[in-house]
Amino acid sequence: MERFYFWLATGLILLGAEFFVPGFVVFFFGIAACAVSIISFFCPGAGIVAEIILFLLSAALLLLLSRRFLPGVFKSKSTYQEPVPENILGSSATAVTRITPEFSGKVVFNEELWNATSSEHISTGELCRIISYHNGNLIVEKNK
C-alpha cells in the first residue's frame, strides 16, 4: 500500500513540475506515475520491478501517442531569425574540402573555417562565391 502513495505522490509532483519545466514532457511522466499508483492500489502483489516497467512503458506510450495526435502542442513558436554576418553574401571563399550536392564541406572565409553546402560539385582548393547563409552554414556556388 505504501507504493501506492509513492506513485501517487510522484505523479502529483511531476504534474506540478510541468508548470516550471519548459516543454510538455514531464506531464506524461506524471500521468504514467498516477496510472501506476492506481494499478498498485488494485494489485498490491505486483512487484516494484513490474511497476517500474509499467511506468516507463506507459510514459513512453503516452509521449509517442501525444506527439502523433497533438503535433501542434510540440511545435516551436520561436520567431528568432539568425542575423546574417555583414558583407558575406557575394564574397569569395576557398573550399578546404570537396563539396557536393550530397555532402557538405568546409570553406575558408575571412580566415575562418565555415561549414558549406552547394548544389554543384566544388573541388578542394577551388574558389567559390557565397550566395546565402543559413543556420551557420554558407551556401556556395562555383566562382564564375
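This passage describes the strand barrel of a predicted model, its nonpolar cores and the surroundings of one glutamate.

Five strands close into a barrel, and their order around it is β1-β2-β3-β5-β4. The pairing in this barrel is mixed, and from one strand to the next the twist averages 55°. A good place to look at the pairing is between β3 (residues 112-118) and β5: these strands run parallel and are joined by four bridges. Across from Ile-139 in β5 stands Thr-117.

The barrel strands also turn up in the account of the nonpolar interior. The largest nonpolar core has 14 residues, and Val-107, Leu-138 and Val-140 are those with the most contacts inside it. Two or more residues each come from β1 (92-95), β2 (105-109), β3, β4 (127-134) and β5, with β4 giving the most, three residues. Leaving aside residues up to four places away in sequence, Leu-138 touches ten listed partners, among them Ile-88, Val-107, Phe-109, Trp-114 and Ile-130. A second core, separate from this one, has six residues, including Trp-7, Ala-32, Ala-33 and Val-36.

Strand β5 (residues 137-142) also holds Glu-141. Is this glutamate buried or exposed? Glu-141 counts as buried because its relative accessibility is 18%, and buried means under 20%. The side chain of Glu-141 makes a polar contact with that of Arg-129, at 2.3 Å. Beyond four places in sequence, the residues touched by Glu-141 are Ser-118, Glu-120, Ile-122, Cys-128, Arg-129 and Ile-131.

Conventions:
Residues are numbered from 1 along each chain as its sequence is written. This is a predicted model: local features need pLDDT of at least 70, side-chain atom pairs count only at pLDDT 80 or more; totals for chains, interfaces and linings use all residues. Side-chain values use heavy atoms; hydrogens and water are left out. Buried means under 20% relative accessible area, exposed over 50%, partly exposed in between (1.4 Å probe, protein chains only). A polar contact is a pair of N or O atoms within 3.5 Å; within protein, one must be able to donate a hydrogen and the other to accept it, and residues adjacent in sequence count only if both atoms are side-chain atoms. Contact means heavy atoms within 4.5 Å. Two strands pair if DSSP finds at least two bridges between them. Axes are lines fitted to C-alpha atoms, for helices over the stretch in contact, and angles run from 0 to 180 degrees between N-to-C directions. A nonpolar core is a set of buried Ala, Val, Leu, Ile, Met, Phe, Trp, Tyr and Cys residues joined through side-chain atoms within 4.5 Å.
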